[in-house]
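This report describes one protein chain, region by region. The sequence and the structure are shown first.

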Amino acid sequence: MSGTLLYIEDDRQIAGPVARDLKDRGYAVRWLQTGERAVEEAEGCQLVILDVMLPGLDGFTVGQRLKKVFPDIPILMLSARTSIDDKLQGLGFADDYLTKPFHPDELAARIGVLLRRAGSVSSSPLTLGHLTVYEEENRIVQAESGEEIPLTGKQFQIFFYLLRHLGQIMTKEQIYEAVWGEPYMEGDKTLMVHIRYLREKLEKDPGAPEIIETVRGIGYRVKA
């Protein structure tokens with residue numbers, strides 16, 4: 001693998017060995033100790049590795065800012081915080097969450113998966129059953145006939161959020177908060193209604209969906 005990674009970590013004892021290992025694996029690494037210049041430095045990067053506990057702006061705030069400016073750059077969160085609440089908060093915008101301590105091989109493996117996944121959606125047409133998705137060219141969704149399938153704004157945001165996390169199970173909370181930008185309220189049917197209408201446009205048989213899968217009790221995913 002190759003590419004430029006933005007690595008934001010304030011602990012030199014952790015950052016030094018990690019950055020050296022990634023460089024040995026063929027990556028160019030831009031290292032920052034705070035998130036103050038994260039948006040400027042992310043330009044031209046293929047992936048961001050982001051610590052949660054940073055001086056000044058915390059990693060959650062930095063990550064949300066990065067996603068607004070660069071929605072297609074994968075973000076991998078690193079943290080010693082292991083609670084489910086922290087993980088859900090991070091995965092509300094990030095693409096993966098790895099807890100410290102971690103093995104360099106696991107970090108490298110997760111980076112590779114995120115880069116391949118990002119490339120599969122953005123660099124060439126993606127085939128999903130009877131659909132063809134052209135994300136790089138105006139994010140067009142086409143049926144087998146070649147006809148473009150029109151999506152509303154929210155349908156578009158939901159579908160491409162799932163595509164950015166291709167193969168991953170995304171919770172209702174993660175999807176709602178990423179698309180609507182506000183906390184999900186348990187029992188809210190808004191997302192479910194949008195998913196139903198989205199399936200009516202995308203699925204051959206909306207009653208037996210093959211593209212947007214429901215994972216009962218958790219959320220949804222688009223199968224890789």
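## Strand 1 and its partner

Strand 1 (residues 3-8) is mostly covered, with five of its six residues buried. Buried here means under 20% relative accessible area, exposed means over 50%, and partly exposed lies in between (1.4 Å probe, protein chains only). Helices (H or I, at least four residues) and strands (E, at least two) are DSSP runs, numbered from the N terminus. This is a predicted model, in which local features need pLDDT of at least 70 and side-chain atom pairs count only at pLDDT 80 or more, while totals for chains, interfaces and linings use all residues. Residues are numbered from 1 along each chain as its sequence is written, and side-chain values use heavy atoms, with hydrogens and water left out.

Six bridges join strand 1 to strand 2 (residues 27-32) in the parallel sense; two strands pair if DSSP finds at least two bridges between them. Within this pairing, Ile 8 of strand 1 stands opposite Leu 32 of strand 2.

## Helix 1

Helix 1 (residues 12-24) has 13 residues, which at 1.5 Å a residue should span 18 Å; its end C-alpha atoms are 18 Å apart, so the two values agree. The expected span is 1.5 Å times one less than the number of residues in the helix. The buried residues of helix 1 are Ala 15, Gly 16, Val 18, Ala 19 and Leu 22.

At the N-terminal end, Asp 11 acts as the cap of helix 1, with a side-chain oxygen 2.9 Å from the backbone nitrogen of Gln 13. Gly 26, which follows helix 1, has a positive phi near 105°.

## The annotated aspartate

The UniProt record, an unreviewed entry, lists Asp 51 for "modified residue: 4-aspartylphosphate". UniProt positions are given in the numbering used here, feature names are shortened, and annotations may be inferred rather than shown by experiment.

Asp 51 lies in strand 3 (residues 47-51) and counts as buried because its relative accessibility is 4%. Not counting residues up to four places away in sequence, Asp 51 touches Ile 8, Glu 9, Asp 10, Gly 59, Leu 78, Ser 79 and Lys 100. Contact means heavy atoms within 4.5 Å. Ile 8, one of these contacts, is the residue that stands opposite Leu 32 in strand 2. Another of them is Lys 100, and the peptide bond from Lys 100 to Pro 101 is cis, with omega near -5°. Pro 101 is in the loop between strand 5 (96-99) and helix 5 (104-122).

## Met 77 in strand 4

Met 77 belongs to strand 4 (residues 75-79). With 0% relative accessibility, Met 77 counts as buried. Its contacts, leaving aside neighbours within four places in sequence, are Leu 50, Val 52, Gly 59, Phe 60, Phe 93, Ala 94, Asp 96, Tyr 97 and Leu 98. Met 77 and Leu 91 are 14 residues apart in sequence, and their C-alpha atoms are 8.4 Å apart in space.

## Two domains

The chain is assigned domain 1 (4-118) and domain 2 (126-222). Eight residues from domain 1 and eleven residues from domain 2 take part in the contact. The C-alpha centres of domain 1 and domain 2 lie 26 Å apart. The domain bounds come from an automatic or database domain assignment.

## Gln 155 in helix 6

Gln 155 is part of helix 6 (residues 153-164) and, at 5% relative accessibility, counts as buried. A polar atom of its side chain lies 3.1 Å from the backbone nitrogen of Thr 152. Leaving aside neighbours within four places in sequence, Gln 155 is in contact with Pro 150, His 194, Tyr 197, Leu 198 and Lys 201.

## Strands 9, 10 and 11

Strand 11 (residues 219-222) runs antiparallel to strand 9 (residues 170-171), to which two bridges join it; Met 170 stands opposite Tyr 220. Strand 10 (residues 212-215) also pairs with strand 11, in the antiparallel sense and over four bridges, and here Val 215 stands opposite Gly 219. The hairpin of strand 10 and strand 11 has three residues between the strands, and Gly 217 takes a positive phi near 80°.

Thr 214 is placed in strand 10 and counts as partly exposed because its relative accessibility is 43%. Not counting residues up to four places away in sequence, Thr 214 touches Arg 199, Gly 219 and Tyr 220. The side chains of Thr 214 and Arg 199 make a polar contact (2.7 Å). A polar contact is a pair of N or O atoms within 3.5 Å; within protein, one must be able to donate a hydrogen and the other to accept it, and residues adjacent in sequence count only if both atoms are side-chain atoms. Thr 214 and Val 18 are 196 residues apart in sequence and 37 Å apart in space, C-alpha to C-alpha.
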